[in-house]
Amino acid sequence: MKKKTLEQVIQKLPYRCPYCDQPISYGQFNLKVGENAIKCPSCKKTYIKLVAPSLTEGDHGSRRQ
Ligand SMILES: [Zn+2]
């Protein structure tokens with residue numbers, strides 16, 4: 001059974017703050033397709049996170065069952 005939700009996809013994104021190298025949890029942000037301003041909770045600097053459309057479409061050809 002494949003269960004793929006938007007939340008899970010976001011949490012899988014491997015990303016770290018480009019400034020302090022701190023792992024960022026995207027669950028706290030409302031990511032949208034395109035550019036997202038992410039403020040690092042550790043160093044308080046802001047950077048732009050690009051989100052591809054395919055990453056935000058949770059169900060990719062499969063329906064929730
Ligand atoms: Zn940082």
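This report describes the fold, confidence, strand pairing and selected loop residues of a predicted model.

## Overall architecture

The protein contains 2 helices and 2 strands. Along the sequence these elements follow the pattern α-β-β-α. Helix H1 covers residues 6-12 and strand S1 covers residues 34-39. Strand S2 spans 46-51, and helix H2 spans 53-56.

Burial is low: 2% of the 65 residues of the protein count as buried. Of the contacts between residues at least 6 apart in sequence, 26% join residues at least 24 apart.

## Confidence

The mean pLDDT of the protein is 75. A value of 70 or more is reached by 62% of the residues. Confidence differs between the elements: helix H1 has the lowest mean, at 60, and strand S1 has the highest, at 91.

## The strand pair

S1 and S2 pair in the antiparallel sense, with 6 bridges between them. Two of the bridge partnerships can be named. Gly-34 has Val-51 of S2 as its bridge partner, and Lys-39 is partnered by Thr-46 of S2.

Neither strand is well covered. In S1, the number of buried residues is 0 out of 6, so the strand lies largely in the open. S2 is hardly covered, and the count of buried residues among its 6 residues is also 0. In a regular strand, side chains alternate between the two faces of the sheet.

## The hairpin loop and Lys-44

The hairpin formed by S1 and S2 has 6 residues between the strands. Lys-44 is located in this loop between S1 and S2. Its phi is near 70°, a positive value in a residue other than glycine. Most residues other than glycine have a negative phi.

Lys-44 is exposed because 9 other C-beta atoms lie within 10 Å, and a residue with 12 or fewer falls in the exposed class.

## The loop between H1 and S1

Tyr-15, Asp-21 and Val-33 are considered here. Tyr-15 lies in the loop between H1 and S1. With 12 C-beta neighbours inside 10 Å, Tyr-15 counts as exposed; this follows because the exposed class takes in residues with 12 or fewer. The C-alpha atom of Tyr-15 is separated by 8.3 Å from that of Ser-25, 10 residues apart along the chain.

Asp-21 also lies in the loop between H1 and S1. Asp-21 has a phi near 65°, which is positive although the residue is not glycine. The residue is exposed, as 10 other C-beta atoms lie within 10 Å of Asp-21. Val-33 has its place in the loop between H1 and S1 as well. Val-33 has 13 C-beta neighbours inside 10 Å and therefore counts as partly exposed, because that class lies between the exposed limit of 12 or fewer and the buried limit of 20 or more.

## Approach of Ala-52 and Pro-53 to Val-33 and Gly-34

Ala-52 is found in the loop between strand S2 and helix H2. Ala-52 is exposed, with 9 other C-beta atoms within 10 Å. Its C-alpha atom is separated by 6.0 Å from that of Val-33, and the two residues are 19 apart along the chain.

Pro-53 belongs to helix H2. Pro-53 has 8 other C-beta atoms within 10 Å and is therefore exposed. Pro-53 and Val-33 are 20 residues apart in sequence, with a C-alpha to C-alpha distance of 5.5 Å. Between Pro-53 and Gly-34, the C-alpha to C-alpha distance is 7.7 Å, and the separation in sequence is 19 residues. Gly-34 is also the residue whose bridge partner in S2 is Val-51.

Conventions
Residues numbered from 1 in each chain as written. Predicted model: local features only at pLDDT ≥ 70, side-chain atom pairs only at ≥ 80, totals over all residues. Helix = DSSP H or I, 4+ residues; strand = E, 2+ residues; numbered from the N terminus. Contact = placed C-beta atoms within 7 Å. pLDDT = per-residue confidence, 0-100. Pairing = 2+ DSSP bridges.
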